Amino acid sequence: MASLREAVAAALKKSIPEPLAVEVTIPDAETFGHFSTNVAFRLAKERKASPLVLAEELKRALLGHELFSRVEVAGSGFLNMWISHDALYGELKRITKEKKRYGRMKLPKTQQKYIQLEFISANPTGPLTLANGRGGFLGDALANLLEAAGHTVEREYYVNDTGNQVRTLGNSLLAAQGFISEEEKFYKGEYVKEWARAHAVLVKRHQNKPEVLGGRAAADFLKDIKRVIEKKSGIHFDRYTSEKRSVHEKGFVKKALTLFKKRGLTYENEGAVWLKTTEFGDDKDRVLVTQDGFPTYFLADAGHYLETKQRGFDGKIVILGPDHYGYVSRIQAAAKIVDLARSDVIITQAVRLVRGGEEVKMSKRKGEFVTFEELVDEVSPDAARFFFQMISPDTHMDFDLDLAKERSLKNPVFYLQYAHVRATGIMKKARVAKGGVELALLDTPEDIRLVRKLVEFPSVLADAAAHYAVHHVTRYGLELAKLFHNFYEAERVDGVEPALGRARMALVRASSAVLENVLGVLGVTAPEEM
RNA sequence: GCCCCUGUAGUGAAACGGAUAUCACGACAGGCUUCGAACCUGUUAUUGGGGGUUCAAAUCCCUCCGGGGGCACCA
């Protein structure tokens, strides 16, 4: 059984022959039980009976089950269940045995998915922005989370190293050195001028080949992006996929076009080739090949999806910034046509920068923005990570630069890390006489509350993974840390009865293991001292 | 105009349709002879307005008001 919650659901299921999902929740207040279910309400609809009567029936069926110490019907039909201490101790024992494996799921082969998770994928035309960072931390943790849930994940950074934006970058460099005149669409940041100055000879030599020049600069910028991602932020990628080499040169652009044509989903209009994306819910059809005969970015992206499909993935998840919202339905159309079993797009909402109460307008084109690297330098990778991973991707957030540093000190990440430090301290220093461990000695309210929170971990992981909700893991971590701090204040390991000390030490070890697990999924370090 | 996200304590956020709305910061009042006080204990909200669906709504539907973003043969 993967979790206590599943065990509870299974016990209930025995008295419910209907094909009904039995949802078991963990109430905030203990007065509503350790576990609770609303299944009597659902059953009431099914059987056309009173929820109260049905809840009573279920209660009778559960009484005597070794899992429960108490079962009650409450409200107009809730069934509240209290887990017996023996069951809790049994689960706690499992944590001490499985340690860092606790909560990680082992799925049967048929349920395991091979998933490609694409994130950041910022064009190599300059430094990473805060929005890139938000998606970066999210993607990194989501990959960890899906792996913990039993799947295999490839973390992919898709590099748009060819096409218009590379040519524009080349032209921007030429303009910076005065070979051509500035245009509105050119990249204008200081970093453009710097690169152009540092490579003046190269710029001059390629003054008639902006694509080549842009390509050279893009390679440099990508190197810098990788440095920030991997060295500074601890974000891990398995693969940097070159659009040029992996999609264009391997013929996937043509293959995608051929596939679309074969399915009869294309047509010509005004000299361009269009894809009927409206048949898949898009609000207008999209161009695949322009009048001038060039493949659009969208066609290349479709080629990328085809490549993903042919490499054997069951599904693909992409994390995009809010500016790509308009792109979602055509991408989903392409995913469907290339026959990818599952395709999800997560849109992270914008990060607005505020300084002194005023919004700072940012534009990568104009070069006016605060980089991701600056943020990480300012507040530390752990704090930056935690800050973003505490909230839902749907949240529009204001990031106050003036408070950034202060906020880092107030960042709850330290609260969580400190709990780990304290646990480590006890494991190192508390003197506990050797002997057998009797977990049943853990019976103070602080002991029990901590145990109960620990055993929630597997269901937290499962739910968070199912909903791609990294922030639920973060929130759980904070709750666990709180209960650990409470335990620490109230109870001692050192200087109590030897048998009690041993039991408490086991609890501390279990807490430490789960805390490390949480921090591990989030990608935050678990320090032993601070 | 159409589409997506969003409006929850002073502030920033959380809450598979469930019960007494959770957390952090700030503010106020307390707490260290002990395994680290970067900690602990209190106090601080009728979830933007109005309708509706439901046994049950912050959550779903309609509408109004307010924020952010997107609607290219750019990426």
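Reader: Which residue of E9 stands opposite Asn269?
Author: In this predicted model, E8 and strand E9 (residues 272-275) are joined in the antiparallel sense over four bridges. Within E9, the residue that stands opposite Asn269 is Ala272.

Reader: By what angle, on average and with direction ignored, are neighbouring strands of this sheet turned against each other?
Author: The sheet is an open one of three strands, paired antiparallel in the order E8-E9-E10. Its edge strands, each pairing on one side only, are strand E8 (266-269) and strand E10 (286-289). Averaged over neighbouring strands and with direction ignored, the turn of one against the other is 45°.

Reader: Which strands stand at the edges of the open sheet of four strands, each with a single partner strand?
Author: The order of this antiparallel sheet is E1-E2-E4-E3. The strands at its edges have a single partner each, so one side of each is left without a neighbour in the sheet, and these are strand E1 (24-25) and strand E3 (68-74).

Reader: Which residue in E4 stands opposite Phe35?
Author: Strand E2 (residues 35-37) is paired with E4 in the antiparallel sense, and three bridges make up that pairing. In E4, the residue placed opposite Phe35 is Met81.

Reader: Are H5 and H15 roughly parallel or roughly perpendicular to each other?
Author: Helix H5 (residues 130-148) packs against helix H15 (residues 381-389) with their axes 9 Å apart and at an angle of about 85°. Angles of 65 to 115 degrees fall in a single class, and the relation of H5 to H15 is therefore roughly perpendicular.

Reader: How many charged residues has the contact of H5 with H15?
Author: H5 contributes Gly133, Arg134, Phe137, Leu138 and Ala141, while H15 contributes Ala384, Arg385, Phe388 and Gln389. By class, this contact of H5 with H15 has five nonpolar residues and two polar ones, and its charged residues number two.

Reader: How are H20 and H21 oriented to each other, roughly parallel or roughly antiparallel?
Author: The axes of H20 and helix H21 (residues 498-522) come within 10 Å, and they cross at roughly 155°. Since an angle over 145 degrees is needed for the class concerned, H20 and H21 are therefore roughly antiparallel.

Reader: How many residues of the contact of H20 with H21 are nonpolar?
Author: The crossing of H20 and H21 is left-handed. Its contact is made by Val473, Thr474, Tyr476, Gly477, Leu480 and Phe484 on the H20 side, and by Ser511, Val514, Leu515, Val518, Val521 and Leu522 on the H21 side. Divided by class, the residues of this contact include no charged and three polar ones, and the nonpolar ones number nine.

Reader: Which residues of H21 make the contact with H5?
Author: The axes of H5 and H21 cross at roughly 130° and come within 7 Å, and the two helices are therefore oblique to each other. From H5 the contact takes Ala141, Asn144, Leu145 and Ala148, and from H21 it takes Gly520, Val521 and Leu522.

Reader: Which elements give two or more residues to the surface near RNA strand B?
Author: RNA strand B is surrounded by 71 residues, and the closest are Ser36, Tyr297, Gly326, Gly425 and Glu529. The elements that supply two or more residues to this surface are strand E4 (78-83), helix H6 (164-176), strand E15 (397-400), helix H17 (413-429) and helix H20 (470-490).

Reader: How many charged residues has the surface near RNA strand B?
Author: This surface can be divided by residue class, with 28 nonpolar and 27 polar residues. The remaining class on the surface near RNA strand B is the charged one, and its count is 16.

How values were computed: Residues numbered from 1 in each chain as written. Chains lettered and ligands numbered in written order. Predicted model: local features only at pLDDT ≥ 70, side-chain atom pairs only at ≥ 80, totals over all residues. Near = placed C-beta within 6 Å. Nonpolar A, V, L, I, M, F, W, Y, C, P; charged D, E, K, R; others polar. Axes fitted to C-alpha atoms, helices over the stretch in contact; angles between N-to-C directions. Parallel < 35°, antiparallel > 145°, perpendicular 65-115°, else oblique. Contact = placed C-beta atoms within 7 Å. Pairing = 2+ DSSP bridges. Left-handed = near helix turned anticlockwise from the far one by under 90°.
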